[in-house]
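Got the viewer open? Let's walk through this one stop at a time, selecting as we go.

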Amino acid sequence: MSKSIRSAAVAFTVCFAMAAGAQDTVEIGKDGNVKVRSGGHKVDVRGGNVKVESEGTHTTVDVERDDDDKEDADDDSSAEIDITDAGRKETLACNGTTEVSISGSSNDLTFTGACKRVDVTGSSNKVTLDAVEQIDVTGTGNTVTWKKAAGGRKKPKVSSTGTGNKVSQR
């Protein structure tokens with residue numbers, strides 16, 4: 001991982017720990033790995049991976065290893081966004097290789113950028129996508145809208161099973 005990415009990750013984890021309260025732990029290993037724990041929140045920076053867990057939400061970002069100390073252009077790091085929650089309203093970013101998994105109910109989620117794949121399970125989730133290659137929906141009463149297809153497709157590949165699910169272009 002480049003020094004600038006590691007520095008940003010360390011700064012983020014320390015700020016996260018300071019904002020979270022007095023029951024926190026911050027561990028920095030000899031190998032440069034950083035762990036922050038606060039109540040139900042966790043941030044782990046290990047090698048080229050950053051893992052964030054917060055009250056049922058798990059996000060893992062893999063960063064390509066880069067030890068050349070040169071400034072990097074925008075890299076195309078892959079990412080996974082896993083959301084297991086209820087009643088959450090949030091806007092998140094996809095980077096073209098991001099795979100999203102949403103399970104829960106009554107979430108209102110918006111994704112900017114291009115998502116490679118979006119899986120929605122549960123009930124009454126509302127998901128809005130800028131661009132996507134593949135959409136899989138199971139459960140009941142989920143609504144997924146997309147603006148355009150990604151990955152050179154005319155339309156995303158769509159699979160919808162369950163009852164009352166809607167997948168449409170906006």
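Start with strand β2, residues 34-38, and show its side chains: Val34, Val36 and Ser38 make up a covered face, while Lys35 and Arg37 make up an uncovered one. In a regular strand the side chains alternate between the two faces of the sheet. Keep in mind throughout that you are looking at a predicted model.

Now add the strands that pair with β2. Strand β1 (residues 25-28) pairs with β2 in the antiparallel sense, over four bridges. To find your place in that pairing, select Val26, which stands opposite Val36 in β2. Then bring in strand β3 (residues 41-46): β2 and β3 run antiparallel too, joined by five bridges. Val36 is a handy marker here as well, standing opposite Val43 in β3.

**The disulfide**

Next, select Cys94 and Cys115. A disulfide joins Cys94 to Cys115, with the sulfurs 2.0 Å apart. A search of the whole structure turns up one disulfide. Look along the S-S bond of Cys94 and Cys115 and you have a right-handed link, with 75° about that bond. What does the pair tie together? Cys94 sits in the loop between β7 (89-93) and β8 (98-105) and Cys115 in strand β9 (residues 108-123), so the link ties together parts that are 21 residues apart in sequence. Buried or exposed? Cys94 is buried, and Cys115 is buried as well.

Stay in this area and pick Thr98, which belongs to strand β8. Thr98 has a relative accessible area of 1%, so with the cut-off for buried at under 20%, Thr98 counts as buried. Check its side chain: a polar atom there lies 2.9 Å from the backbone nitrogen of Asn95. Now show what surrounds Thr98, skipping neighbours within four places in sequence: the contacts are Ala79, Ile81, Cys115, Lys116 and Arg117. Cys115, from the disulfide, is one of those contacts of Thr98, and Arg117, also among them, leads to the next stop.

**The salt bridges**

How many salt bridges does a search of the whole structure find? Four. Side chains of opposite charge can pair when their charged atoms come close. Select Arg117, Asp119 and Asp136 together, since these residues are linked in a network of salt bridges.

Take the network one pair at a time. Arg117 and Asp119 meet through their side chains at 3.1 Å, N to O. Arg117 counts as partly exposed because its relative accessibility is 29%, and Asp119 is partly exposed at 22%. Now swing over to Asp136, whose side chain meets that of Arg117 at 2.8 Å, N to O. This pair links distant parts of the chain: Asp136 is in strand β10 (residues 126-137) and Arg117 in strand β9, 19 residues apart. Asp136 is buried, with a relative accessible area of 16%.

For another salt bridge, select Arg170 and Asp130, where the closest N and O atoms are 3.2 Å apart. Here, too, distant parts of the chain are linked: Arg170 lies in the segment after β13 (166-169) and Asp130 in strand β10, 40 residues apart. Asp130 is partly exposed, at 25% relative accessibility.

**Parallel pairings**

With β10 already on screen, add strand β11 (residues 143-149). β10 and β11 pair in the parallel sense over six bridges. Pick Thr128 and look across: Thr145 in β11 stands opposite. Then add β13, which runs parallel to β11 and is joined to it by four bridges. The residues to select for this one are Val144 and, opposite it in β13, Val167.

**Last stop: Asn142**

Finish in the loop between β10 and β11, where you will find Asn142. Asn142 is buried, with a relative accessible area of 0%. Which backbone nitrogens does the side chain of Asn142 reach? One belongs to Ser124, at 3.5 Å. Another is that of Asn125, which lies 3.0 Å from a polar atom of the Asn142 side chain.

Now display the contacts of Asn142, again leaving aside neighbours within four places in sequence. They include a run of Val120, Thr121, Gly122, Ser123, Ser124 and Asn125. Val137, Gly164, Asn165 and Lys166 are also in contact with Asn142.

How values were computed. Residues are numbered from 1 along each chain as its sequence is written. This is a predicted model: local features need pLDDT of at least 70, side-chain atom pairs count only at pLDDT 80 or more; totals for chains, interfaces and linings use all residues. Side-chain values use heavy atoms; hydrogens and water are left out. A disulfide is a pair of cysteine sulfur atoms within 2.5 Å. Helices (H or I, at least four residues) and strands (E, at least two) are DSSP runs, numbered from the N terminus. Buried means under 20% relative accessible area, exposed over 50%, partly exposed in between (1.4 Å probe, protein chains only). Two strands pair if DSSP finds at least two bridges between them. A polar contact is a pair of N or O atoms within 3.5 Å; within protein, one must be able to donate a hydrogen and the other to accept it, and residues adjacent in sequence count only if both atoms are side-chain atoms. Contact means heavy atoms within 4.5 Å.
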